[in-house]
Amino acid sequence: MKFAWIKAAGTWNERKDAITNAMESGIGHIMDFDNIKTIKELGNVTIISDKDDADITLIGYTSKPTIGDVKKAKSEKKTVAAYVEINDKNDEKLASQLGNFVDYIILKGKNWKVIPLENIIASLQKEDHAKIIVDVSTYDEAKLALETMEHGSDGILLSTNNIKTIRKIGELIEKSSYEKYDLKEAKVTKIQSVGIGDRVCIDTCTLLKEGEGILIGSFSSGLFLVHSESLESEYVASRPFRVNAGPVHAYVMCPGNKTRYLSELEAGDEVLSVNSEGEGKTCIVGRVKIEKRPLVLVEVENNGVQIRTLLQNAETIRLVDNKKKAISVSDLKVGDKILAYFDDKARHFGMAIEENIIEK
């Protein structure tokens with residue numbers, strides 16, 4: 001997931017303006033060297049600094065970082081970010097070496113070119129390495145850094161006080177953080193009422209639109225796109241923040257292609273909302289309600305792979321059909337086609353792994 005940090009300059013009032021706007025744009029990591037306590041009074045933020053009370057220890061901002069400096073900080077159990085100015089091939093090599101020890105590697109080029117960034121990304125992509133951050137000052141530089149070599153940098157350090165740029169980059173980060181899921185057409189093969197169970201309802205801090213929902217399912221091999229309650233009916237008003245998800249045991253897709261059990265969710269957690277095009281974005285959970293409700297079993301098939309889920313048996317509970325329209329479970333029939341996400345990987349503690357597993 002792409003992210004942004006900010007480093008403002010100038011007087012405290014000038015910096016305060018930039019930092020406040022950054023926070024309002026979803027940027028909660030602040031690099032600063034002499035106002036840590038004051039900044040923390042503005043909100044719950046993460047401070048990157050070379051001071052002892054920093055949340056992330058910065059090495060190399062005023063002088064070239066060394067592996068010895070980094071190892072010392074890591075031995076003290078600190079989260080470490082190394083700052084490297086790229087001027088020549090030796091600096092590239094140093095950045096690649098440091099990336100194997102630190103949590104974050106921040107890259108700055110005085111005469112910035114894409115090639116050094118490509119080289120460093122390539123050298124670090126193969127391992128479980130530091131997050132790569134590029135120090136930029138404009139929207140165009142940020143966009144270039146995030147998109148280099150398709151993968152791009154993991155994040156950017158925005159060195160500016162320009163409010164318009166800060167706001168624009170906040171929007172860019174949100175768009176860059178979308179995840180893509182290949183939704184496939186699946187034919188309904190079975191619908192069966194199964195009695196009462198504990199059902200989970202997720203209220204998010206996001207207003208979901210028609211065609212948006214959350215990926216839910218009883219099998220890790222496939223999840224159903226369960227539509228939000230964004231549509232009005234004769235029985236209830238529209239509740240576009242809500243997804244009536246499924247029973248407590250079901251999987252829910254979360255950011256980073258990770259799943260959790262619905263029963264584990266609570267306020268402040270993150271889930272992934274997905275639209276009918278398969279585009280996913282992070283949503284914060286505002287509330288979870290678990291209540292006893294009548295359930296219905298839905299089974300579908302795609303290319304010989306069968307998956308199932310259980311949903312509340314009610315008219316307001318909807319899936320998304322192959323025409324990208326919401327369809328109520330009360331109207332669903334054998335032979336209908338709906339959208340689902342199929343995954344050939346097994347799951348271990350929510351993470352996709354290469355393993356054979358049988359689910360039924």
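Visitor: Is strand β21 (residues 337–342) largely enclosed by the rest of the structure or open, and how many of its six residues are buried?
Guide: In this predicted model, burial means a relative accessible area under 20%. Strand β21 is largely enclosed by the rest of the structure, because the residues of this strand that are buried number five of the six.

Visitor: Which strand is joined to β21 by five bridges?
Guide: The strand in question runs antiparallel to β21. Within this pairing, K184 has A340 of β21 as its bridge partner. The strand, covering residues 183–204, is β10.

Visitor: Which residue of β21 is the bridge partner of G222?
Guide: Strand β12 (residues 222–227) also pairs with β21, in the antiparallel sense and over three bridges. In β21, the bridge partner of G222 is F342.

Visitor: How many helices and strands does the protein have?
Guide: The C-alpha trace spans about 70 × 45 × 35 Å along its principal axes. Of the 360 residues, 49% count as buried. The secondary structure comes to seven helices and 23 strands.

Visitor: What share of the contacts between residues at least 6 apart in sequence joins residues at least 24 apart?
Guide: The question concerns contacts, meaning heavy atoms within 4.5 Å. Among those between residues at least 6 apart in sequence, the share that joins residues at least 24 apart is 59%.

Visitor: In what order do the eight strands of the barrel close?
Guide: The pairing in this barrel is parallel, and the twist averages 25° from one strand to the next. The strands close in the order β1-β2-β3-β4-β5-β6-β7-β8.

Visitor: Which residue in β8 stands opposite V134?
Guide: Strand β7 (residues 131–136) runs parallel to strand β8 (residues 155–158), and four bridges join the two. Opposite V134 in β8 stands I156.

Visitor: What angle does the direction of helix α4 make with that of β5?
Guide: Helix α4 (residues 89–98) packs on the sheet, where it touches β5 (80–85) and β6 (104–108). The angle between the direction of α4 and that of β5 is about 170°.

Visitor: How far does helix α1 reach from its first C-alpha to its last?
Guide: Helix α1 comprises 13 residues, from 12 to 24. The span expected at 1.5 Å a residue is 18 Å, and the helix comes close to this value. From its first C-alpha to its last, α1 reaches 18 Å.

Visitor: Which residues of α1 are exposed?
Guide: R15, A18, I19, N21 and A22 are the buried residues of α1. They lie on the same side of the helix, because they cover an arc of only 165° around its axis. The buried residues pack against β1 (3–6), β2 (29–31), α2 (36–40) and α7 (163–176). On the other side of α1, the exposed residues are N13 and E24.

Visitor: Beyond its neighbours within four places in sequence, with which residues is N21 in contact?
Guide: N21 lies in helix α1 and has a relative accessible area of 13%, so it counts as buried. Leaving aside its neighbours within four places in sequence, the contacts of N21 are I163, I166 and R167.

Visitor: Which residue with a positive phi follows α1?
Guide: The phi of this residue is near 90°. The residue that follows α1 is G26.

Visitor: How many disulfides does a search of the whole structure find?
Guide: A disulfide requires two cysteine sulfur atoms within 2.5 Å. The closest cysteine sulfur to that of C205 belongs to C283 and is 8.7 Å away, which is too far for a bond. C205 is exposed at 57% relative accessible area, whereas C283 is buried at 1%. The number of disulfides found is zero.

Visitor: In which loop does N303 lie?
Guide: Most residues other than glycine have a negative phi. N303 is not a glycine, yet its phi is positive, about 50°. N303 is also exposed, with a relative accessible area of 74%. N303 lies in the loop between β17 (279–302) and β18 (305–312).

Visitor: Which two strands flank the loop that holds K324?
Guide: K324 is a residue other than glycine, and its phi has a positive value near 65°. At 37% relative accessibility, K324 counts as partly exposed. The loop that holds K324 lies between β19 (318–320) and β20 (326–328).

Technical notes
Residues numbered from 1 in each chain as written. Predicted model: local features only at pLDDT ≥ 70, side-chain atom pairs only at ≥ 80, totals over all residues. Heavy atoms only, no water. Expected span 1.5 Å × (residues − 1). Buried < 20%, exposed > 50% of the residue type's maximum accessible area, 1.4 Å probe, protein only. Arc of directions from axis to C-beta. Pairing = 2+ DSSP bridges. Axes fitted to C-alpha atoms, helices over the stretch in contact; angles between N-to-C directions.
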